[in-house]
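Hello,

Here is the structure I promised to send over. Please open it beside this email; my notes follow below.

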Number of protein chains: 4
Amino acid sequence: MAKSSKLNFSGLRAIYFNGTLTKSPEPSHTDLLINLSKSIMDKHGVNTEVIRTIDHDIATGVYPDMREHGAKTDEWPKIYKRVEQANILVICGPIWLGDNSSMTKKIIERLYACSGLLNKNGQYAYYGKVGGSLITGNEDGVKHCTMNTLYSLQHLGCVIPPQADAGWIGEVGPGASYGDILEDGSREGFDNDFTNRNTTFMTWNLMHLAKMLKANDGIPAQGNQRSKWDAGERFDFENPEYR
Amino acid sequence: MAKSSKLNFSGLRAIYFNGTLTKSPEPSHTDLLINLSKSIMDKHGVNTEVIRTIDHDIATGVYPDMREHGAKTDEWPKIYKRVEQANILVICGPIWLGDNSSMTKKIIERLYACSGLLNKNGQYAYYGKVGGSLITGNEDGVKHCTMNTLYSLQHLGCVIPPQADAGWIGEVGPGASYGDILEDGSREGFDNDFTNRNTTFMTWNLMHLAKMLKANDGIPAQGNQRSKWDAGERFDFENPEYR
Amino acid sequence: MAKSSKLNFSGLRAIYFNGTLTKSPEPSHTDLLINLSKSIMDKHGVNTEVIRTIDHDIATGVYPDMREHGAKTDEWPKIYKRVEQANILVICGPIWLGDNSSMTKKIIERLYACSGLLNKNGQYAYYGKVGGSLITGNEDGVKHCTMNTLYSLQHLGCVIPPQADAGWIGEVGPGASYGDILEDGSREGFDNDFTNRNTTFMTWNLMHLAKMLKANDGIPAQGNQRSKWDAGERFDFENPEYR
Amino acid sequence: MAKSSKLNFSGLRAIYFNGTLTKSPEPSHTDLLINLSKSIMDKHGVNTEVIRTIDHDIATGVYPDMREHGAKTDEWPKIYKRVEQANILVICGPIWLGDNSSMTKKIIERLYACSGLLNKNGQYAYYGKVGGSLITGNEDGVKHCTMNTLYSLQHLGCVIPPQADAGWIGEVGPGASYGDILEDGSREGFDNDFTNRNTTFMTWNLMHLAKMLKANDGIPAQGNQRSKWDAGERFDFENPEYR
């Protein structure tokens, strides 16, 4: 299939974190949805990577390198190097009891652990990146989970493009999960127009905004530099008590 | 005080919705925080407006004009005309029992009621706008509330800039609210560096992204047009079942 | 059909608040689910009542009687009299953008407005009541909504029985709502075993706990009386600083 | 100090799960708050235990014993034996980015993993237990976190007593954490009346309800037995389609 657009997104990098509780090589339902998004990006020259958190020896904690805080091993510092180079971060995962998994929370904790780092402009290190989220479950909670993942990403400094959440859940109650093979040979959720459309729109909007920010060299450095604020600059903010 | 920047934001429009449960002319704590953000925008030529929801005869419901669905009166269609022209939407309000107020939810419902409308490119009508959130309470819940307001705005089609949430709460438990005059004559929360910094950064980031989107004529129309999707275009999305 | 149990629940009172955004006499999807629960209670002699919030002239605000705070009218004080007599409160409603409706939030605000009232033992007025929640939507968010409604009820002083949340949503994306008549003449969601089972279990557990609390004359008055705490009693709590 | 009450709670067992991200022997702020509650229970003969999740080799996953699903080791089955004997479960932990920690989520996942187990009456195994929650952070989110922990516990089958959430947070923004020693030698949060009162009331209400349920031999087995529902019993539920 030919690319649908002359737009050029090469040079962009994207990381999808998959917070499934299932280790490789067991299949992950969330992976199937990630692949839909990833394959659009791949087609347009974006350098993409999927990191299944549970497969990696990532320490639990809130410091950039937990080896400096008692952990024997910690793969996070190596992974964070790739985060630094990424333009697009997509936090993905399953729903358990209506909420994000412990593996999804671990990644958010470690991203947050690095949120004190600043870029060359004195802005938080995540400025200039964009964030999205993909969630699968078999019954309920895509919006609850993405409220949290997208909130976390923007709070860290990412831009959230329009409609940056997508996912699949079935009718309430237990049942087939995303991609499970049904009796008629079809696969659960694959023909859900809402999931397909939202995943497509999210993917394109992530690419559009990442490209726009790259072209602008990130977020303009005015009014948002932590280093300058700490040095006393107030960027036209006036404390009402002293007006 | 002179403007701190040569950046020019004139031509932008911003609306702050205040979801306080208190009618004018009674003061609103949230208004005090809104003013900090608004005054930065004003200084830079942004056309700003604060709409205190409870002061307006906005009908409850999920249609663009509730007068067509039994309501005798409905100010929303008139307000929505201003929403259409706005580049920046900031949903603000108080916290009650750890959650957004009924007035904040009413505005989100009415914004959502108009989410089926498309722009000239076939994108959702909110594409090209940016969104933020300001919350005040006296004890707990800024993040919970803004998870929901920012989620809603991005789901509707707004871009969420970096760190687009700010707010103030005091130590857990009842106590003075934002801006209350304390025994020593100072005003609660006004010297909170975290609140002031986040409010400032949010304000600038809203202006930066709004300007960037305006300069780009919104979000590039590729991969995200509802009208084309409905007409069968799939933008390089491939249903895995048929690959 | 004969009653399935010799258990006697007569003398109990239950109120279901329906937070639909649709006024009577238009039908409410949530009402259909409420009726399943209500009809079990009715069969066992519980005095039940459904209050569709939007049909009532309930003022917005956080005081027990908003007429004392500028509202011309306010039906809440009259409704609260019935709340006082109820043993069971069930907060019900629809999902909009993944969250509770403005009408559901309004009821929570008004219940909260009365949370300073104490019973004859000096406990909060809601002590001795039990709470549950029923939610319908067409795509996502039962758990998110009931996290909030059940949280609110327990924070006010209600007991939450086991599995006190139930609801129905369909597969993600737009589609038929609960009880909508489908092409084959059946009604959406009515055969969902999960919804039916959870609604049944919730209903019985509400009755069991309400009866148990009534038999115990509420929650034992020891360690939980606001009036005594305010008078200096500490109920074996020891401030660690002074140990 | 003499016990304040003649009430006898001996024979009850309570487990507090602490989801801190800090391994022993490093101190945990949440532990300080747990101790306030625990010492009231201890004084009344409740058998109490604190389990700091991160100190234990608990596998990640959603099965009762992950050793049957590829994990080399898994302490959970041994811990679950103690959960089975407990009358009171209190999920405690810190707040990170406004949400529960990955360690708190891991415990909820493993409790959920055992939710298919039934007691001798055919009810879910958690029936007859009561649940509460204690959260500490330095800025925001006690209510958001406990909405989730208490929701999870009731969904699993626990009763939630009145006001079963307590916690401490300081004014918004970074700052001292609970129990940190301040310049004047006092300890942050220890004199917060709201935290102390809510912790006390929660503790007593957990004991009262646990005792009441024990005296009633759990939740009456009528209308809530999964085994009977699966065998076709409907407990007066009537499918509206067939009425």
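A helix here is a DSSP run of H or I of at least four residues, numbered from the N terminus. On that count, helix 5 of chain A is followed by A:Asp217, whose phi is positive, near 60 degrees. Please keep in mind that this is a predicted model.

**Helix 5 of chain A**

Helix 5 covers residues 193-215 of chain A. Its end C-alpha atoms are 33 Å apart. That agrees with the 33 Å that 23 residues should span at 1.5 Å a residue. Of those 23 residues, 19 are buried, so helix 5 of chain A is largely enclosed by the rest of the structure.

**Chain A overall**

Chain A has six helices and six strands. Read from the N terminus, the order is β-α-β-α-β-β-α-β-α-β-α-α. The radius of gyration of chain A is 19 Å. A compact globule of 243 residues would come near 18 Å, so the value agrees. Along the principal axes, the C-alpha atoms of chain A fill a box of roughly 70 × 50 × 35 Å. Buried residues are 60% of the 243 in chain A. Take the contacts in chain A with a separation of 6 or more: 75% of them link residues 24 or more positions apart.

**Strand 1 of chain A**

Which strands does strand 1 of chain A run parallel to? One is strand 2 (residues 47-52), joined to strand 1 by six bridges. Another is strand 3 (residues 88-96), joined to strand 1 by five bridges. Both pairings have a residue pair to look up. A:Tyr16 stands opposite A:Val50 in strand 2. A:Asn18 stands opposite A:Cys92 in strand 3.

Strand 1 itself spans residues 13-18 of chain A. Five of its six residues are buried, so the strand is largely enclosed by the rest of the structure. Helix 1 (residues 29-43) belongs with strands 1 and 2 of chain A in a right-handed β-α-β unit.

**A:Thr20**

A:Thr20 sits in the loop between strand 1 and helix 1 of chain A. Is A:Thr20 buried or exposed? A residue counts as buried if 20 or more other C-beta atoms lie within 10 Å of its own. A:Thr20 has 24, so A:Thr20 is buried. Leaving aside neighbours within four places in sequence, A:Thr20 is in contact with A:Ser28, A:Thr30, A:Arg52, A:Ile54, A:Gly93, A:Pro94 and A:Met103. A:Ser102 is 82 residues away along the chain, yet the C-alpha atoms of A:Thr20 and A:Ser102 are separated by 8.9 Å.

**Helix 3 of chain B**

Helix 3 of chain B has 12 residues, 102-113. From first C-alpha to last, helix 3 reaches 16 Å, close to the 16 Å expected at 1.5 Å a residue. In this helix 11 of the 12 residues are buried, so helix 3 of chain B is largely enclosed by the rest of the structure. The buried residues include charged names you may want to look at: B:Lys105, B:Lys106, B:Glu109 and B:Arg110.

**D:Leu153**

D:Leu153 lies in helix 4 of chain D. With 26 C-beta neighbours inside 10 Å, D:Leu153 counts as buried. Not counting residues up to four places away in sequence, D:Leu153 touches D:Leu89, D:Ile91, D:Gly131, D:Cys158 and D:Ile160. D:Ile108 is 45 residues from D:Leu153 in sequence; C-alpha to C-alpha, the two are 8.3 Å apart.

**Chain contacts**

How many residues of chain D are in contact with chain C? The count is 54, and they meet 54 residues of chain C. On the chain D side, helix 1 (29-43), helix 4 (142-156) and helix 5 (193-215) each supply at least two residues. Helix 5 of chain D gives the largest share, nine residues. By type, the chain D side divides into 26 nonpolar, 19 polar and nine charged residues.

The contact of chain C with chain A takes 18 residues from each chain. On the chain C side, helix 4 (142-156), strand 6 (165-168) and helix 5 (193-215) give two or more residues each. That side of chain C divides into six nonpolar, eight polar and four charged residues.

Best wishes

Technical notes: Residues are numbered from 1 along each chain as its sequence is written. Chains are lettered from A and ligands numbered from 1 in the order in which they are written. This is a predicted model: local features need pLDDT of at least 70, side-chain atom pairs count only at pLDDT 80 or more; totals for chains, interfaces and linings use all residues. The radius of gyration is taken over C-alpha atoms; the globule rule is 2.2 Å times the number of residues to the power 0.38. Two residues are in contact if their C-beta atoms, placed from the backbone, lie within 7 Å. Two strands pair if DSSP finds at least two bridges between them. A crossover is right-handed if, with the strands pointing away from the viewer, the path from the first strand over the helix to the second runs clockwise. The expected span of a helix is 1.5 Å times one less than its number of residues.
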